[in-house]
Amino acid sequence: MQRKYLIASHGKLATGLQSSLDILADKGHVFQTIDAYVTDEDYTSQITTFIESVGEEEQGIIFTDLYGGSVNQKVVAETMHAKKENIFIISNTNLAVILTILFSSEPYLTADMIQNMIEESQVVFVPTKVTEDEEDVFF
């Protein structure tokens, strides 16, 4: 099953993530991006165009920056309006979760699979002060 990807964010985070995906995996071209509020242009049509482009035999994955933020709210509203069950929204996204989902070998993702990938890709606190017993843990 083919997947289509969209990253939507406030400012240029979306294209920044796309750039990182190019550098790390040569896959930035796979992602459509929306850098909202960089101009006065309404970005709603970009969301609806993406949603409409996802066929019945495809899956759409939309990554947004802030859960409950204006970009996320608009993505959720447009996705609900389209009534497509083959589109998933992941908010509070990070590069790790995008890479995990991008490189999943599963032909079809379910909500449970995506939830597990998100849990595996959580933010990690990295202490910089370690004891002698912990010196070799990170490296």
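**Notes on a predicted protein chain**

1. In this predicted model, the mean positions of the 8 positive and 22 negative charges of the protein chain lie 8 Å apart. The positive charges counted here are those of Lys and Arg, and the negative ones are those of Asp and Glu.

2. On the overall architecture, the protein chain contains 6 helices and 4 strands, and when these elements are read along the sequence they follow the pattern β-α-β-α-β-α-β-α-α-α. The C-alpha trace of the protein chain spans about 55 × 35 × 30 Å along its principal axes. Of the contacts in the protein chain with a separation of 6 or more, 72% are between residues 24 or more positions apart, a figure worth keeping in mind when reading the points on particular residues below.

3. On the surface, the chain has 139 residues, of which 35% count as buried. The protein chain exposes about 8,800 Å², and carbon and sulfur atoms supply 52% of that area.

4. The aromatic side chains deserve a careful look, since the structure holds 4 aromatic pairs. One of them is formed by Phe31 and Phe63, whose ring centres are 6.4 Å apart and whose planes meet at 45°, so the pair is classed as tilted. This pair links distant parts of the chain, with Phe31 in strand β2 and Phe63 in strand β3 (residues 58–64), 32 residues apart. Both Phe31 and Phe63 are buried. Another pair is that of Tyr37 and Tyr43, where the ring centres are 5.5 Å apart and the planes stand at 80°, so this pair counts as edge-to-face. A student may wish to check the reasoning here: planes over 60 degrees apart count as edge-to-face, and the angle for Tyr37 and Tyr43 is 80°. Tyr43 is itself buried, with a relative accessible area of 4%. Finally, Tyr5, Phe31 and Phe63 together form one aromatic cluster.

5. Which side chain makes a polar contact with that of Thr44? The partner is Lys74, and the polar contact between the two side chains is 3.1 Å. Thr44 is placed in helix α2, which covers residues 44–53, and at 16% relative accessibility Thr44 counts as buried, because the limit for that label is under 20%. If residues up to four places away in sequence are not counted, Thr44 touches Lys74 and Glu78.

6. Two residues call for attention on account of their backbone angles. Most residues other than glycine have a negative phi. Asp26, however, has a phi near 55°, a positive value in a residue other than glycine, and Lys83 likewise has a positive phi of about 55° although it is not a glycine. Where do these residues lie, in helices or in loops? Asp26 lies in the loop between α1 (13–25) and β2 (31–36), while Lys83 lies in the loop between α3 (70–82) and β4 (87–90). As for their surroundings, Asp26 is exposed, with a relative accessible area of 55%, and Lys83 also counts as exposed, at 72% relative accessibility.

7. Gly11 is found in the loop between β1 (2–10) and α1, and with a relative accessible area of 25% it is partly exposed. When neighbours within four places in sequence are left aside, Gly11 is in contact with Asp35, Ala36 and Val38. By comparison, Gly11 and Asp22 are 11 residues apart along the chain, and their C-alpha atoms are separated by 19 Å.

8. How far apart in space are Pro107 and Gln2, which are 105 residues apart in sequence? From C-alpha to C-alpha, Pro107 and Gln2 are 8.0 Å apart. Pro107 is placed in the loop between α4 (95–102) and α5 (111–120), and it is exposed, with a relative accessible area of 52%. Leaving aside neighbours within four places in sequence, Pro107 is in contact with Met1 and Arg3.

Key
Residues are numbered from 1 along each chain as its sequence is written. This is a predicted model: local features need pLDDT of at least 70, side-chain atom pairs count only at pLDDT 80 or more; totals for chains, interfaces and linings use all residues. Side-chain values use heavy atoms; hydrogens and water are left out. Helices (H or I, at least four residues) and strands (E, at least two) are DSSP runs, numbered from the N terminus. Buried means under 20% relative accessible area, exposed over 50%, partly exposed in between (1.4 Å probe, protein chains only). A polar contact is a pair of N or O atoms within 3.5 Å; within protein, one must be able to donate a hydrogen and the other to accept it, and residues adjacent in sequence count only if both atoms are side-chain atoms. Contact means heavy atoms within 4.5 Å. Accessible areas come from the Shrake-Rupley method with a 1.4 Å probe; for residues, only the protein chains shown count as cover. The place of a charge is taken as NZ of Lys, CZ of Arg, CG of Asp or CD of Glu. Rings of Phe, Tyr and Trp (its six-membered ring) pair if their centres lie within 6.5 Å; planes under 30 degrees apart count as stacked, over 60 as edge-to-face and the rest as tilted.
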